[in-house]
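Dear colleague,

I am handing over the structure below, together with some notes on what was found in it. Please read them with the sequence and the coordinates open beside you.

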Amino acid sequence: MGWLEDESGLEKCRANYVPLTPLSHLSRAGQVFPDNEALVYEDTRYNYKEYCQQVTRLASSLKQAGILPGDVVSTILPNTPPQFEAHFGVPACGAVLNTINTRLEAKTIRYIVNHAKPKLMIVDTQYLPVLQNALTHLEGPQPTIIEAHDSLSGLNPSGQYQTYDDFLNQGDVNSKWYFPEDEWESLSLNYTSGTTGQPKGVVYHHRGAYILTMGTVVSWRLTLFPKYLSIVPLFHCNGWLHPWLMPLLGGTVFCSREVSARKIFEVITTEGITHTAGAPIILNMLANATEDEKRPITNTVQVFTAGAPPAAATLKAVESLNMNVTHVYGLTETFGHVTECLWNDSQWDSQDSDAACQLKSRQGVAMPGTENVEVRHQNKRVPKDGSSLGEIFIRGNAIMKGYYRNPKATHQAFAHGLFATGDLAVQHPDSYIQIQDRSKDIIISGGENVSSVEVEGVIMKHHAVLLCAVVAKKHTKWGEVPHAFVELKPDSSALPEQIIEFCRRHLAGFKVPKSVEFTSLPKTATGKIQKFQLRKRLQ
């Protein structure tokens, strides 16, 4: 072990050891950048002094409401100031933050509330009806409801609950924050999408969140005072931890209740946004915006994208708008992004735009703070040849504590001393990984593996296609064959046989979809296409 012969008197103490927590980023920003703009939402603009005061009032009010360290506080909020304040205010009273997907139906919300057992919930007026439905037949005590009313919702306050503003006003602005004694203490509780069963509760720790925010500074080439447009919903991996990151650099976060191409272009151009992030469906929306919706972007915007493998055609279209896209990869269980497609200047600068975008669509290499990313099959690493298929395994600081109240699933996820992602990929000679599919999405046709991601990437190059999803369809001879669900661009048209013929020109015969269906694709709140819904249509 790496100890000196005599280390008596060299123990950890209050002077040389402070548990890591992202709370320290905002605490420091309030002292170092008090007058810098911190949070902007339409006409509301907070500096860091005011932001800290809001968070302090929230933490104090939660304590006065009986919330104790380790209790769960849930939110059902869009990306508005109360949601950002909760990301600091809830842990600042020692509680655990549980952000619930705003697009969930009552049944799933009821399951999450029964499972997480929050003592208090902060809910936007818009989502009160579905919550009230969810709370009927609830097991156990009803949580206290605080109503966050936003005039931009177009709704009047319900009058049934204490408002968020009144709740904050009862707090003490001089109250002290709770800082964890152990950096392994729980910070937040995030539920997976539950596409194959009930959602699982993923528990984040203070240590992992702190380290990932620091690593993101390096990966995203961030400098002081970035201007960040928040598009990733904060109920999704806590917005990839970006709310906890920005105070580290004295950055300004721009909130937006509305996520539309027009609004995004407007904020980017009027506010001089330097950074933003979103799923590929957001990039696709920007790339296909009408001329009336677009505005010329004069400064290069650095964009992180993740959530699904982006099509090279989408990356090429977005970069023409003066956006530099970095593809990152992760899961709810990894606090968001833990790998990045780091650009290799010496080898890739000479590539033409099509080849460059193909390279950028890969999931890449480990971000700082991620110790190991491996592709394994039958518990052995696959060759780095770009063709041998295996499952992605990850080891690092930004890995969940485990699944809440589910030791069996936790044990299965960590069985090999690494986190098993369930994503199938190849690893290239340069160590960059490239996802081929989720394990449940791979199509086995006549004994051959067909990557739905590869087929989708080809179909997305067709001029009439807005979005697509490829799933397995049962076949008497081949077992399974690819079936393509295609969403066309507005005012565009195509025939199924035209899509199939287009694929024949770019794919091996067994990979070509045998049938094509034009439809509107079902999506999650974070823009992922819900393939399980599409599979049901083929049953």
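Strand E25 (residues 465–475) and strand E26 (residues 479–488) run antiparallel and are joined by 10 bridges, and I should say at once that they belong, like everything described here, to a predicted model. The connection from E25 to E26 is a hairpin through 3 residues, and within the pairing Ala472 stands opposite Pro482 in E26. In general, strands of a sheet pair through backbone hydrogen bonds, either parallel or antiparallel. Both kinds of pairing can be found here, since the two strands are part of an open sheet of 3 strands, in the order E25-E26-E27, whose pairing is mixed. The edge strands, each of which pairs on one side only, are E25 and strand E27 (515–518), and neighbouring strands of this sheet are turned against each other by 25 degrees on average, with direction ignored. Between E26 and E27 there are 4 bridges, and these two strands run parallel; in this pairing, the bridge partner of His483 is Ser515 in E27. Helix H18 (residues 531–538) lies across E25, E26 and E27, and runs at about 50 degrees to E25.

Turning to the helices, you may want to begin with helix H1 (residues 23–32), whose buried residues are Leu23, His25, Leu26 and Ala29. Seen down the axis of H1, these buried residues fall within an arc of 165 degrees, so they line one face of the helix. What do the buried residues of H1 pack against? Their partners are helix H2 (48–64), helix H3 (81–89), helix H7 (206–219) and helix H9 (242–245).

A further helix residue that may be worth a look is His115, which is found in helix H4 (residues 106–116). With a relative accessibility of 14%, His115 counts as buried because the cut-off for that term is under 20%. If residues up to four places away in sequence are not counted, His115 touches Tyr191, Tyr404 and Arg405, and with Tyr191 there is also a polar contact of 2.7 Å between the side chains.

Two loop residues deserve a check of their backbone angles. Most residues other than glycine have a negative phi. Leu241, however, has a positive phi of about 70 degrees although it is not a glycine; its place is in the loop between helix H8 (237–240) and H9, and Leu241 is buried, with a relative accessible area of 2%. The other case is Asn322, where phi is near 80 degrees, again a positive value in a residue other than glycine. Asn322 is found in the loop between helix H12 (312–319) and strand E14 (323–331), and with a relative accessible area of 24% this residue is partly exposed.

Finally, there are the salt bridges, of which the count comes to 20. Arg257 forms one of them with Asp150, the closest N and O atoms being 2.8 Å apart. This pair links distant parts of the chain, 107 residues apart, with Arg257 in the loop between strand E11 (252–254) and helix H10 (261–271), and Asp150 in the loop between strand E6 (144–148) and strand E7 (162–163). Are these partners buried or exposed? Both Arg257 and Asp150 are buried.

The side chains of Asp430 and Arg362 also meet in a salt bridge, at 3.0 Å from N to O. Here too the pair links distant parts of the chain, 68 residues apart, since Asp430 is in the loop between strand E21 (419–427) and strand E22 (433–438), while Arg362 is in the loop between helix H14 (353–360) and strand E16 (365–366). In this pair Asp430 is partly exposed, with a relative accessible area of 33%, whereas Arg362 is buried, with a relative accessible area of 6%.

Salt bridges that share partners join Glu37, Arg45 and Glu271 into one network. Within this network, Arg45 forms a salt bridge with Glu37, where the closest N and O atoms are 2.7 Å apart. Arg45 is partly exposed, with a relative accessible area of 36%, and Glu37 is likewise partly exposed, with a relative accessible area of 29%.

With kind regards

Technical notes: Residues numbered from 1 in each chain as written. Heavy atoms only, no water. Buried < 20%, exposed > 50% of the residue type's maximum accessible area, 1.4 Å probe, protein only. Arc of directions from axis to C-beta. Contact = heavy atoms within 4.5 Å. Pairing = 2+ DSSP bridges. Salt bridge = Lys/Arg side-chain N within 4 Å of Asp/Glu carboxyl O. Polar contact = N/O pair within 3.5 Å; in protein donor to acceptor, adjacent residues only side chain to side chain. Axes fitted to C-alpha atoms, helices over the stretch in contact; angles between N-to-C directions.
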